[in-house]
Every structure is written in C-alpha cells, then in structure tokens.
Amino acid sequence: QVQLVESGGGSVQAGGSLRLSCAASGRTVGSYAMGWFRQAPGKEREFVAAISWSGSNTLYADSVKGRFTISRTNAKTTVYLQMNSLNAEDTAVYYCAAARDYRTSITRREEYEYDYWGQGTQVTVSS
C-alpha cells in the first residue's frame, strides 16, 4: 500500500505561480511512476503531467505545456508540480497519483493506469 499526501495548493492571482508537492509513503514507495491530474467544478478529471520512475521522461497535457513542470526527488518519495503563469482555467482540485512500475522510463496519462491516489489539493486562480 502507498499513501499519497498533496500539499501546496491555495489561492493565487492570474499570472502567479504555485508549487504542489506530493509525499509518498509505504511499501516499495520507490517503484512507482507518478502523475498529476485535476478536476475543475462540473468537469471530469483530466490528466496534467506525468513522470517516469526513472525521472528521465515527462509528459504534459497540451494546456499546461510550457507553464508546468513535474519533477521528483532522487529518493523518489516526493513529486512536485511547479505551476507558472497560472490562469483561471487552471482552477481545480489537483490530485497526485502513483502507478506500479518496474523501474522503467514509461510515462502514463490515463487514470486507469494509476493504482493509488491522493486526497487532492485545491488550486484557485483569480483573474
């Protein structure tokens, strides 16, 4: 079992920045690829960014490419989402997710590919 706890959400004005963190704990915590998803009010949850177990590969949704950066610590216990140039469309609850991985460089963008989820953290961007 892996536990994921997100932090770093909050309210920010358009054009501002936030950094989300996701701390992972539990068995074999280092054997997971990680991802971030978000769900805006009245909308389905959508993919935001993913990083492989190795950290060598990343993947982004077109809507955040060039503005958001996903990274993870060398110990692979924490994953970050640096969000710059935020706009009102980025307002959502952001979820961290972990996918079992056997130390590959594969990134994943589909919800069904992930095995564990955090509780989410709210990001609100005011224009």
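Are Phe37 and Phe47 buried or exposed? Let's work through that and two more exercises together.

This is a predicted model, where local features need pLDDT of at least 70, side-chain atom pairs count only at pLDDT 80 or more, and totals for chains, interfaces and linings use all residues. Residues are numbered from 1 along each chain as its sequence is written, and side-chain values use heavy atoms, with hydrogens and water left out.

**Exercise 1. Place Phe37 and Phe47, then describe their pairing.**

Step 1: Phe37 and Phe47 are both buried (under 20% relative accessible area with a 1.4 Å probe, protein chains only; exposed is over 50%, partly exposed in between).

Step 2: The structure holds 5 aromatic pairs (Phe, Tyr or Trp ring centres within 6.5 Å, using the six-membered ring of Trp; planes under 30 degrees apart are stacked, over 60 edge-to-face, the rest tilted). Phe37 and Phe47 make an edge-to-face pair, with 5.7 Å centre to centre and 75° between the planes.

Step 3: Phe37 belongs to strand S4 and Phe47 to strand S5, 10 residues apart (strands are DSSP runs of E, at least two residues, numbered from the N terminus).

Step 4: Phe37 and Phe47 share one aromatic cluster with Tyr114 and Trp117.

**Exercise 2. List the contacts of Met83 beyond its sequence neighbours.**

Set aside neighbours within four places in sequence; Met83 then contacts Gly16, Ser17, Leu18, Leu20, Arg67, Phe68, Tyr94 and Val123 (heavy atoms within 4.5 Å).

**Exercise 3. Find charges over rings.**

Step 1: Apply the test: NZ of Lys or CZ of Arg within 6 Å of the ring centre and within 35 degrees of the ring normal.

Step 2: The charged end of Arg19 sits over the Tyr80 ring, 4.1 Å from its centre. Arg45 lies over the face of Tyr95, 4.9 Å from the ring centre.

Terms used. Helices (H or I, at least four residues) and strands (E, at least two) are DSSP runs, numbered from the N terminus.
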